[in-house]
Amino acid sequence: MSQLATLYSSHWIITFLVFFPAVAGLVCLFLPRERIRYWAFTAAMLEFLVSLPLFWTFKIGRVGWQNFVTEPWIPDWGISYALGVDGISLLLILLTTFLLPISVLVSWDQIKEKERAYYAMLLILVTGILGVFVALDLFLFYVFWEVTLIPMYFLIGVWGHERRIYAAVKFFLFTALGSLLMLVAILVLFWLHIDQFGVTSLGYADMLRVEVPGSLQYWLFAAFALAFAIKVPIFPFHTWLPDAHVEAPTAGSVILAAVLLKLGVYGFLRFAIPFFPSAALSQTVLMTMMALALMGIIYTAWVAAVQPNLKKLIAYTSVAHLGFIMVGTFALTSHSVTGGVLQMVNHGLSTGALFILAGFLYNRRHTYEISEYSGLAKVIPVYSGCLVLVALSSIGLPGLNGFVGEFLILIGSFGRHPWITLLATTGVIFAAYYMLPMIRRAVWNDLRHDENRQLLDLSRLELAIIVPLLIMIVLMGVYPKPFIDRIAASAESLSEEIVLIAGQDAQPQQRVVAGDFTGSRAGTQ
Amino acid sequence: MVGVPVLDSMLALVQEATTHERAYVPFLPSWMILLPFIGFVINGAVGYLAPDRRKLVSAVGPGVLGLSFLVAAVNLVLLIAAHDAEPVIRSYWTWMEVGQLRIEAALQLDQLSVMMALVVTCVSFIIHIYSIGYMGEDPGYARYFSFLNLFVFFMLVLVLAANFPLMFVGWEGVGLCSYLLIGFWFTEPAKADAGQKAFIVNRIGDFGFLAAMFALFAYLGTLDFQAVFAIAPRGFEYGGAAVTLITLFLFLGCTGKSAQIPLYVWLPDAMHGPTPVSALIHAATMVTAGVYLVARTGVLFALAPLSMTVVAVVGAVTALFAATIAVQQFDIKRVIAYSTISQLGYMFLAVGVGAYTAGIFHLATHAFFKALLFLASGAVIHAMHHALEHAGEEAGEDVTQDMRNMGGLKAYLPTSFRTAWIGALALAGVFPLAGFFSKDEIIWSAGARGQTLLWVLAVLTALLTAGYITRWLVMVFHGASRVGEGARRYLRAAPSVMLVALVLLAVGSVVSGWVNVPEALPLLPEFTWLHQFLHPSFEAAEHVLVEHMGEPAHVAPLGGGEGTWAVLSTTAAILVVIFTFMALRGKRYLSAREAAEPTGLWRLLYRKWYVDELYDLVIVKPFKALCMVSWRVIDQGLIDGALVDGVAYTTRFGGWVVSRFQTGYVGTYVLIIVIGILIILGAVAL
C-alpha cells in the first residue's frame, strides 16, 4: 500500500497518464481493424482507473504543486521536463480521463471507417490535453497545446458530417492564429528572463518572477489572452465553435466541449493572469474581459434560443456557460475561482452528456434538426428522461451539479462586481428560455413524424455510456463538497496572490460589514 | 371552553400538553422529507418498469404522504408541548464550503416551519387520495404519482430548510414539478406550452431570489436563517438601500412563485394540468411559498418599510385585479385560478402590513377551502368528461370545463354540490367557516395599521369574491341543465375515494378557522391559539416593527372595533351571496358554442384586461426578434460574414501569392509551423 502511495505522490503517475494514451494510440495503428475499438476501450479504461486514485491521494488544503517534477531536458535552451498538479488541474485531469472511455464507447458503432487512425487521433488528443493541464514549462506547454490542435482537426475533417472541411479549416485557422501570437509572447518572456537573470529558462516558476515593464505587459497579456480567448471561446471569437460542433463526430464534440474549451480558461488562470497581473487586473482590461464574458452569457443565450439545429444550440449554450466561468475567473475571489473550476467540470459533464444524447438521436435519424423530432417522450421515455435531466443540470437547477458552480461563481463575484454579477445572473432566465423550448419541441408534443414512431429506446451500450454521467451530475449537485475541497486551497491562494500583486484591495467588500459578526454563526448552531 | 365538542377535546389536549413543559426534540424530522422521496423513487421505478402495477402505486403514493403527515403532526404536538421552543437546527451534511461561505444541508424546525409542513402534508395526503380516483384510468398513473410525491418532497425542503440556498433548492424544485405536472399530458401542445411558460416566468422571479442571496452574503457573510435574522437588525441600517434592495429582490421571487402582479400570468395557464395538481400545487401549497418566504424573512422586510409597502400594495392591487377578472370567466377552473391569485394577494397584504400570523392563518385556511373548490371542480369535470365521452360527443377541455355547458348539476353530483357550497361560503368569508376568521383578520390588520386605501381595496375585493364565487356555484350547480340530452343520461357521481377527499377538505374548511378566534368577536370566547403558537417565529420581526412604527392602532379607518367590522363584513358577504344567487338563478345562459363574446366592460374582464396580449406585444415578440437579429445579423452577418470570411478572402488573395507552398494538407502546415518554431528557437539560442 505504501508503495502505491509513494507512486501516487510521485510524478511517474502523471507522466504515465500523459504519455500512455499516445503510446496506446500509436499501437492502434498496428492492430487488426476489428480489434481496434476493444483495444482502445481497454486502454481508455486503464487510463481512467490509473488516474482515479489521484482523487484521494491528492492532499487537500495544501497549496502548491503535488506530483511535481522538474528535470533539465534541453539545458542549452533552458527547457525542462516540468510537471505538477494542483487543485486547479486535478479535477480537469480526472474529467478528461473519465470522459475518455465514454468517448470510445460513443464511437463504438458510430465510426465505421478508418478506425485505426480515428482511435489513434482520439488517444493522442488526450495526451495533448493532459499535457497542457500538467506542463510547468512553457515550451512543454506550448508543444502540448499544439498537439491538441492536429488530432482535433482530423477528427472533425475526416470523421465529421457534410460540411466537415469548412468546419475543420475554420477551427484550425482560428486556433492556430491565436497560438502563433502566444508563441511570440513566450519568446519575449524567454528573452526578458535571460535579460534579468542571466540564465535561460522556460520554467513556470521562473517565468512568474520575470518583471515585465509597463506597456509590454499589456501586449504580452493580449497575445496570451487572444490564444486563450479563441479557445474558450469568448465573444466575438466564438463563431468557429458552432460549426466545429455541428460537423464533429459525437466523441469529438464531447472532448471539444468538455475539455478542450477548458484549456482556454485554464490558460487564463495558470498563465495569462498570473504572468501579467497588473495588465489583467487593470480597469480597462478587466472591464473589457467582463463585458465580453457578459456578452457570452447574455447574447449567446439569445442566439442559442433561436437555433433550429440541436448541436448548434448546445454549442451556443457552451459559450454562455463559459461566459459564467470567465466572470468567475476574472472576479478573482476564492469563491468565484473555485466555482469557476468546479463549473468547468460541471459543464464538461452536462454538455458532454447533451452532445452524447444528441448523438444518440443522430444515430437513429441522421439529422440534428429539432423540428424533425417531437413527442419523443412517448416513443423513447428513458431517453427523454435522461435528456430532461441533463438539460436541467445544464440550466443550473439546484440539486444538480450545474447550480453549485454557478452559485459559487456569482456569489463570489458579487462582493467585488455587484452590477456585473447582477447582469450575469440574468443568464439563468435566458438559460430557461433556450433550453425549455428545445425540450418542448423535441420531447413533449405529439408525434409529428412517422419516421419517429419506430425509434428504439436506449440500448444497453447507450445506458452504459450515459448512466455514469447522470450519476456524476446528481452526485456533484447533492454532495459537491469533496470536489470543492480539492479546488479551494489552490483557488484561494491563486486569487489572493494575484490580487495582492496587482495592488488591488485584497479584501472583498463583504468583510466591511461582516467583521463585527464573525462569532454569530457559531453561536446559532 | 368553546362549546364545540371537537374543539373542546383539542383544546384539552393542547392544555394538557402545555402544562407539562419540556424541551422540543424533533421527531424523525428527516423522515418527513424522505418519505415522499421514497415514494417518488418507487413510483418512478414502477412507471418505467411495470406501469400496470396500479395497486402498488395507489398504496405507495398516498401512503408515504399519510406517514409523513403523521410525523409532522407528532412534531407539532411536541412543539406545542414545549412552550415557545427555540428553533431546532438539524444538520445532515455540508453542501458547499469555501472560505467563509458554508452551506449545510440542514433543516430548521420551529413553529412556523412545522405548522407549514403540517398544512402541506395534510392537504397533500387528501389530494393524493383523491387522485386515485381522478387519475385512475390514466396510462401515466405511476408517473403522475411519482411527480406528485417529488413535488411534496421539494415543498417540504422549501418549508423546512434552514438557510436560503437550501430553500432555493425546494423553491426551484417545486417549480420543476409544477412544470412537469402542468405539462403532464404533454402530447397536447397547449399543455406543454403552459408548463414551459410557468417555468420561464418563474425563472424571472428566481433571478430575484438569487440576487437577494448574493447581496445578503456580501453584506452579512452568512446565508443561514438564524444567523441572518440575528445579525440583520444591527447589520442593516433601518430603511437603508441595501436591505430595501435585498427584500425587493426577494419579493420579485415571490411575485413569480406566488403569481402576483406583474408575474402572475403563468398561473391561469397552469390550469391545463390535471385538476388535483391545480388544487395541490397551484392553490394550496406551492403558490403560497412566496407568502411563507416573506413571513420567514419578516425581520428583513420589517427593516425595509418601503419594501413592506410594496408588498402590501402589490398584494392588495393583485387581490382586486384578479377578482375583477374572475367575475367574467367561464372556465370552471379559471374562475378559481384567478380567485387563488386574488387570495394570495390578501396574504401578501397581510404580511406586507406586518400581520404575519394573519397571512399564515389565511394561507392555511385557504389551502383547505381552495383545494376543496378545485377538487369539486375536478369532480364536475370528471363527470362531464365521462358523460360527453359516453354520449359520443366532443369531450375536449374547452367543452367539459366551460360553465356555460353545465348548470343544474346538483341533482347529479350531490356530494360535490354540498361540499362546493361549503368551500364557496368559506371563500366568501361567511361565518362560521374558515375564511371568515382569516380573511377578516387580514382586512382588519390593514385598517388597524392605518392603510386606509389598502383597506378599501381589501373590502371591495371581499365583496367581489362573494359575488364571483356565487356566480360560479349558480352556473355549475343550479338552474336548468345545459348539458345535452344525450350526455345527461351518463352523468355520474365521482368514485367514492374522490368524495371522501371532498368531505375531508370540507371538514377542514369548517374547523380550520377556529384555531384563531379574535378576542373582539361578540358572543365568542377569545381563542387566539395560532397567534400565540406562532409568536416565537414572528417575535423578532414584530419587535422591529413596533420599535420603528409603534403599536398598531385598534380602530378601523371609519371607526369601530374589530368585532363590529367582522359582523358587518360577514353580513355584507351573505347579502352579496343572496343577491347574486337571486339575480343569476333564473338567468338563461347560452352554451359555450352559441354564446357571443361579452361586450363593453364585461369584455375587458373576459379578456383579462388584455394583459397577456400586452405582454406578448411588448415583451415576448420584441425579445424573439432580438434573438433572431442577434443570430442572423450579428453572429452570421457581422462576425462570420464581414469579419471572419472577410479576413479569409483577403488572405486568399495573399494566399494566391504563396500558393506554391499550399499543398492542401494540414500536415504540411504543421511542418511549416514546426520548422518555423525551430528556426525562431535556434535564432534565440544563438
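**Exercise 1.** Classify T365(B) as buried or exposed, and list what T365(B) touches.

*Solution.* T365(B) has a relative accessible area of 1%. The cut-off for buried is under 20%, so T365(B) counts as buried. The model is a predicted one. Next, place the residue: T365(B) belongs to helix α16 of chain B. Leaving out residues up to four places away in sequence, its contacts are A434(B), S438(B), S512(B) and G513(B).

**Exercise 2.** Treat F374(B) in the same manner, and state how far its C-alpha atom is from that of S278(B).

*Solution.* F374(B) sits in helix α16 of chain B, which spans residues 356-390. Its relative accessibility is 0%, and therefore F374(B) is buried. S278(B) is 96 residues away along the chain, yet the two C-alpha atoms are 7.0 Å apart. With residues up to four places away in sequence not counted, F374(B) touches M271(B), T275(B), S278(B), A279(B), H282(B), A283(B), K333(B), I336(B), A337(B) and T340(B).

**Exercise 3.** Describe the interface of chain B and chain A: how many residues does each chain give, and what area is buried?

*Solution.* Start with the residue counts: 83 residues of chain A and 73 residues of chain B take part. The buried area is about 7200 Å², with 75% of it from carbon and sulfur atoms. Then turn to specific pairs. Two salt bridges are counted between the chains. A salt bridge links the side chains of K170(A) and D640(B), with an N to O distance of 2.7 Å. Polar contacts across the interface involve 16 residue pairs, both residues being at pLDDT 80 or more.

Now take the chain B side. Elements giving two or more residues to the side that touches chain A include β1 (88-98), β2 (101-109) and α26 (611-657) of chain B. Helix α7(B) supplies the largest share, 18 residues. By residue class, this side has 49 nonpolar, 12 polar and 12 charged residues.

**Exercise 4.** Compare the hairpins of the two chains by bridges, a bridge pair and the glycine with positive phi.

*Solution.* Take chain A, then chain B.

- In chain A, strands β1 (residues 66-74) and β2 (residues 79-85) run antiparallel and are joined by six bridges. E71(A) has Y81(A) in β2(A) as its bridge partner. Four residues lie between the strands, and G78(A) in the turn has a positive phi of about 75°.
- In chain B, β1(B) and β2(B) pair antiparallel over nine bridges. R90(B) has L107(B) in β2(B) as its bridge partner. Two residues lie between the strands, and G99(B) has a positive phi near 50°.

**Exercise 5.** Which residues of helix α20 of chain A are buried, and what covers them?

*Solution.* The helix covers residues 418-425, and I420(A), T421(A), L422(A), A424(A) and T425(A) are buried. The cover includes α14, α15, α19 and α21 of chain A, together with α7 and α9 of chain B.

**Exercise 6.** Find backbone exceptions to this rule: most peptide bonds are trans, and most residues other than glycine have a negative phi.

*Solution.* First check omega. The bond from V232(A) to P233(A) is cis, with omega near -15°, and P233(A) lies in the loop between α10 and α11 of chain A. The bond between I261(B) and P262(B) is also cis, with omega about 10°; P262(B) is in the loop between α9 and α10 of chain B.

Then check phi. K114(A) has a positive phi near 50° and is in the loop between α5 and α6 of chain A. N445(A) has a positive phi near 65° and is in the loop between α21 and α22 of chain A. The relative accessible area of N445(A) is 5%, so N445(A) is buried.

Methods
Residues are numbered from 1 along each chain as its sequence is written. Chains are lettered from A and ligands numbered from 1 in the order in which they are written. This is a predicted model: local features need pLDDT of at least 70, side-chain atom pairs count only at pLDDT 80 or more; totals for chains, interfaces and linings use all residues. Side-chain values use heavy atoms; hydrogens and water are left out. Two strands pair if DSSP finds at least two bridges between them. Contact means heavy atoms within 4.5 Å. Buried area is the accessible area (1.4 Å probe) that two parts lose on being put together, summed over both. A salt bridge is a side-chain nitrogen of Lys or Arg within 4 Å of a carboxyl oxygen of Asp or Glu. A polar contact is a pair of N or O atoms within 3.5 Å; within protein, one must be able to donate a hydrogen and the other to accept it, and residues adjacent in sequence count only if both atoms are side-chain atoms. Ala, Val, Leu, Ile, Met, Phe, Trp, Tyr, Cys and Pro count as nonpolar, Asp, Glu, Lys and Arg as charged, and the others, Gly among them, as polar. Buried means under 20% relative accessible area, exposed over 50%, partly exposed in between (1.4 Å probe, protein chains only).
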